[in-house]
Amino acid sequence: MNHLILLPLLALAACVPSKPEPVPQPKPQPAPPPVVVAPQPARPAGDWIDWPIEAGTWVYRTDTRGSLALFGPAGANATVTLRCDKARARIFFSVSGISQSGTLTVRTSSTMKSFAASQASTEPPYIATELMPRDPILDAIAYSRGRFAIEIAGLRPMAIPNWAEIDRVIEDCRS
């Protein structure tokens, strides 16, 4: 008889709605990785005229486009290049080591000038600016007292010797 009493209770228990399934919560998105800003390379101490000169030599070459002066350590890619493109009557001034556009600043013993420079599509990466062959900064580089300086955001500023190869490229583009 006890079973008869339990039977309606069991039937009643079956009518009780079951506990609802929990609604799935959206998975939290992982936090974006922190933006790492490379520290600006340390500027050499003192005035640019006192900075140590970069290691390397200048090399002069000609090719089908014109002439070029390449500066850098022997057996390595050029650090600085001046190229005369005779067909376009332009001199391209490029510096290796950076793969973004920016401002290229040149300091000489007589003047300072900044240029908008664009990323060249080369490997290794270069940043380059285009100059007219009679731009006064070219004479200032050629006649600077033994060196000129190059500054580009993201690169360590450099003091580069100004040898005759620079003059040759400038004169090639002017003639």
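Tutor: Two strands count as paired if DSSP finds at least two bridges between them. Keep that in mind for this predicted model.

Student: Over how many bridges do β1 and β2 pair?
Tutor: These two strands form a hairpin, with two residues between them. Within the pairing, T62 stands opposite S67 in β2. The sense of the β1 and β2 pairing is antiparallel, and the number of bridges is seven.

Student: How many helices and strands does the chain have?
Tutor: Read the elements from the N terminus: α-β-β-β-β-β-β-β-α-β-β-α. The tally is three helices and nine strands.

Student: In what order do the strands of the open sheet stand?
Tutor: The sheet is open and has nine strands. Its pairing is antiparallel. From one strand to the next, the twist averages 25 degrees. The order is β1-β2-β3-β4-β7-β6-β5-β8-β9.

Student: Which strands stand at the edges of the sheet?
Tutor: Look for strands with a single partner strand. One side of each such strand is left without a neighbour in the sheet. Those edge strands are β1 and β9 (158–161).

Student: Which residue in β7 does V95 stand opposite?
Tutor: β4 covers residues 90–96 and β7 covers 126–131. β4 and β7 pair in the antiparallel sense over six bridges. Opposite V95 in β7 stands I127.

Student: How much space lies in the largest pocket?
Tutor: Start with the lining, which has 24 residues. Closest to the pocket centre are L70, A78, T81, S94 and Y126. By class, the lining has 12 nonpolar, eight polar and four charged residues. The space in the largest pocket is about 530 Å³.

Student: Which elements give two or more residues to that lining of the largest pocket?
Tutor: Turn from single residues to elements. Strands of the sheet contribute here, including β1 (57–63) and β2 (66–72). The full set is β1, β2, β3, β4 and β7.

Student: Is E54 buried or exposed?
Tutor: E54 is found in the loop between α1 (2–15) and β1. Its side chain joins that of R156 in a polar contact of 2.8 Å. The relative accessible area of E54 is 17%. Buried means under 20%, so E54 is buried.

Student: What is the phi of A89?
Tutor: A89 lies in the loop between β3 and β4. With a relative accessible area of 34%, A89 is partly exposed. A89 is not a glycine, yet its phi is positive, at about 55 degrees.

Student: Which residue caps the N-terminal end of α2?
Tutor: Helix α2 spans residues 136–143. Its buried residues are I137, L138, A140, I141 and A142. A side-chain oxygen of the capping residue lies 2.9 Å from the backbone nitrogen of I137. The cap is D135.

Student: How far apart in space are P124 and I98, C-alpha to C-alpha?
Tutor: P124 sits in the loop between β6 (112–120) and β7. At 24% relative accessibility, P124 is partly exposed. In sequence, P124 and I98 are 26 residues apart. In space, C-alpha to C-alpha, P124 and I98 are apart by 8.6 Å.

Student: What percentage of the chain do buried residues make up?
Tutor: The cut-off for buried is under 20% relative accessible area. The chain has 175 residues. Of these, the buried ones make up 37%.

How values were computed. Residues are numbered from 1 along each chain as its sequence is written. This is a predicted model: local features need pLDDT of at least 70, side-chain atom pairs count only at pLDDT 80 or more; totals for chains, interfaces and linings use all residues. Side-chain values use heavy atoms; hydrogens and water are left out. On a 1 Å grid over the protein atoms alone, a cavity is a set of points where a 1.4 Å probe fits but cannot get out, and a pocket is an open set with protein on both sides within 12 Å along at least five of seven lines; lining residues have an atom within 4 Å of a point. Grid points are joined across faces, edges and corners, and a volume is the space filled by probe spheres set on the points. Helices (H or I, at least four residues) and strands (E, at least two) are DSSP runs, numbered from the N terminus. Ala, Val, Leu, Ile, Met, Phe, Trp, Tyr, Cys and Pro count as nonpolar, Asp, Glu, Lys and Arg as charged, and the others, Gly among them, as polar. Axes are lines fitted to C-alpha atoms, for helices over the stretch in contact, and angles run from 0 to 180 degrees between N-to-C directions. Buried means under 20% relative accessible area, exposed over 50%, partly exposed in between (1.4 Å probe, protein chains only). A polar contact is a pair of N or O atoms within 3.5 Å; within protein, one must be able to donate a hydrogen and the other to accept it, and residues adjacent in sequence count only if both atoms are side-chain atoms.
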